[in-house]
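I opened the model and kept notes as I went. The entries below follow the order in which I looked things up.

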Amino acid sequence: MNARIPALAVCALFAVVTAKAHPGLHHDIASATDAIDREPSRAVLYVERAYLLRLDEEYDAALKDLDLARKLDPTEIRVAAERGMTLSAMGRDSEAERELSRFVKQGSGTAPVFAERAKVRERLGDKTGAVADYTSAIALRPDVESYMARGALQESLLDLKGAAAGYREGIARVGEAVNFDLALIRVETARKRFDAAIALIDAQINRSSVKTDWYLRRADVLTAAHRPKEARADRERALAEADQALQQNVNGLRLFSRAKVQLALGRFDDAKRDLTQVLEKSPGFAEAREMLAMLDTADNHKGMKP
């Protein structure tokens with residue numbers, strides 16, 4: 001019976017959504033309960049209600065439904081997947097890994113299940129297994145999140161070549177995304193493939209209306225490549241653009257952008273003035289407050305030196 005379940009239905013059952021984004025969730029749970037009242041011996045109905053209960057963060061109730069579903073039909077493979085998802089949400093990772101693996105071993109792996117097991121395995125310290133699971137998830141349903149998560153794991157494992165190849169594959173299969181380029185720039189710089197990193201930045205500069213941050217990134221790569229004069233020129237370009245933007249409109253975000261440039265140029269007092277103005281305009285600007293605190297701490301340490 002389970003072999004005839006359409007793959008689309010399985011994927012839909014375990015689609016990654018949140019309860020908050022589903023305003024009719026309680027209504028759906030009530031409808032699922034009505035269906036169970038009409039056919040209390042159908043295991044699949046309990047699985048479907050457990051899925052809804054998980055979205056509503058009613059994890060214990062979801063597990064009770066899944067236990068009953070397994071008793072009613074021990075061959076219902078979706079119980080394992082949904083139990084794994086629920087246990088993962090509860091932080092019971094070892095149990096979650098066993099249930100998700102049980103589902104996968106029966107030949108019914110789906111992209112959401114592989115992606116969830118990857119997260120569980122990473123939390124359990126099995127980074128290699130997590131990379132493999134993300135690769136399986138990507139093969140079934142390529143998306144930016146899985147590519148980025150896999151790449152971050154590969155970077156942590158010092159597989160920079162594999163990470164770079166994965167990010168480039170993501171661009172080819174999913175499409176251009178700034179996150180892919182940022183990751184590639186980071187990895188190619190770490191690999192000392194500076195020209196490749198600069199080429200990525202140049203492409204972003206050519207297509208961006210606001211280039212300040214990209215000039216700063218290129219300056220960082222040029223610094224790593226031991227090309228200080230070119231790096232300095234890029235930081236000066238960033239400052240000129242930041243000044244021009246502020247002439248058009250003075251706001252907290254643009255002041256913060258210039259403060260970053262001032263900091264990169266070593267103009268700490270100028271950066272502090274900009275940050276102070278940012279906080280006057282936007283007291284809740286956390287990044288500006290953190291940067292100003294960092295500069296104040298550096299000044300205090302400098303003052304303590306004999």
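**Entry 1: confidence**

I began with residues 1-22, where pLDDT (the predictor's confidence in each residue, from 0 to 100) stays under 50. For this stretch the model has 30 contacts beyond four places in sequence, a contact being heavy atoms within 4.5 Å. Where pLDDT is low, the predicted coordinates should not be read in detail. For the protein chain I noted a mean pLDDT of 91, with 90% of its residues at 70 or more.

The model is predicted, so I note that local features need pLDDT of at least 70 and side-chain atom pairs count only at pLDDT 80 or more, while totals for chains, interfaces and linings use all residues. Residues are numbered from 1 along each chain as its sequence is written, and side-chain values use heavy atoms, with hydrogens and water left out.

**Entry 2: overall form**

I counted secondary structure next and found 17 helices and zero strands in the protein chain; helices (H or I, at least four residues) and strands (E, at least two) are DSSP runs, numbered from the N terminus. The radius of gyration of the protein chain is 26 Å, well over the 19 Å that the globule rule gives for 306 residues, so the chain is more spread out than a compact globule. That radius is taken over C-alpha atoms, and the rule is 2.2 Å times the number of residues to the power 0.38. Along the principal axes, the C-alpha atoms fill a box of roughly 75 × 45 × 40 Å.

Buried residues make up 45% of the 306. Buried means under 20% relative accessible area, exposed over 50%, and partly exposed in between (1.4 Å probe, protein chains only). I also noted that, among contacts between residues at least 6 apart in sequence, 47% join residues at least 24 apart.

**Entry 3: salt bridges**

How many salt bridges does the structure hold? I have 33, each defined as a side-chain nitrogen of Lys or Arg within 4 Å of a carboxyl oxygen of Asp or Glu.

I looked at Asp-133 and Arg-117, whose closest N and O atoms are 2.7 Å apart. Asp-133 lies in helix α8 (residues 127-140) and Arg-117 in helix α7 (residues 111-123), so the pair ties together parts that are 16 residues apart in sequence. Asp-133 is buried at 2% relative accessible area, and Arg-117 is buried too, at 8%.

Arg-92 and Glu-95 also form a salt bridge, at 2.8 Å from N to O. Here Arg-92 is partly exposed at 32%, and Glu-95 is partly exposed at 26%.

In the salt bridge of Arg-207 with Asp-181, the closest N and O atoms are 3.9 Å apart. This pair links distant parts of the chain, with Arg-207 in helix α12 (residues 194-207) and Asp-181 in helix α11 (residues 178-190), 26 residues apart. Asp-181 is buried, with a relative accessible area of 3%. I then noted one network, in which salt bridges that share partners join Asp-67, Arg-70, Arg-83 and Glu-99.

**Entry 4: helix α12 and Lys-211**

I checked the span of α12: its 14 residues reach 20 Å from first C-alpha to last, close to the 20 Å expected at 1.5 Å a residue. The expected span is 1.5 Å times one less than the number of residues. The buried residues of α12 include Phe-194, Ile-198, Leu-200 and Gln-204. They pack against α10 (160-174), α11 and α13.

Lys-211 sits in the loop between α12 and α13 (212-224). Which side chain of opposite charge is nearest to Lys-211? I found Glu-241, 5.9 Å away, and Lys-211 is buried yet has no salt bridge. Lys and Arg count as positive and Asp and Glu as negative; His and the chain ends are not counted. Beyond four places in sequence, Lys-211 is in contact with Ile-205, Asn-206 and Glu-241.

**Entry 5: Ala-242**

Ala-242 is in helix α14 (residues 228-248) and is buried, at 4% relative accessibility. Leaving aside neighbours within four places in sequence, Ala-242 is in contact with Thr-212 and Arg-258.

**Entry 6: positive phi**

Glu-57 is not a glycine but has a positive phi of about 65°. I placed Glu-57 in the loop between α3 (43-55) and α4 (59-72), where it is exposed at 54%. Leu-158, also not a glycine, has a positive phi of about 65°. Leu-158 is in the loop between α9 (144-156) and α10 and is exposed at 71%.
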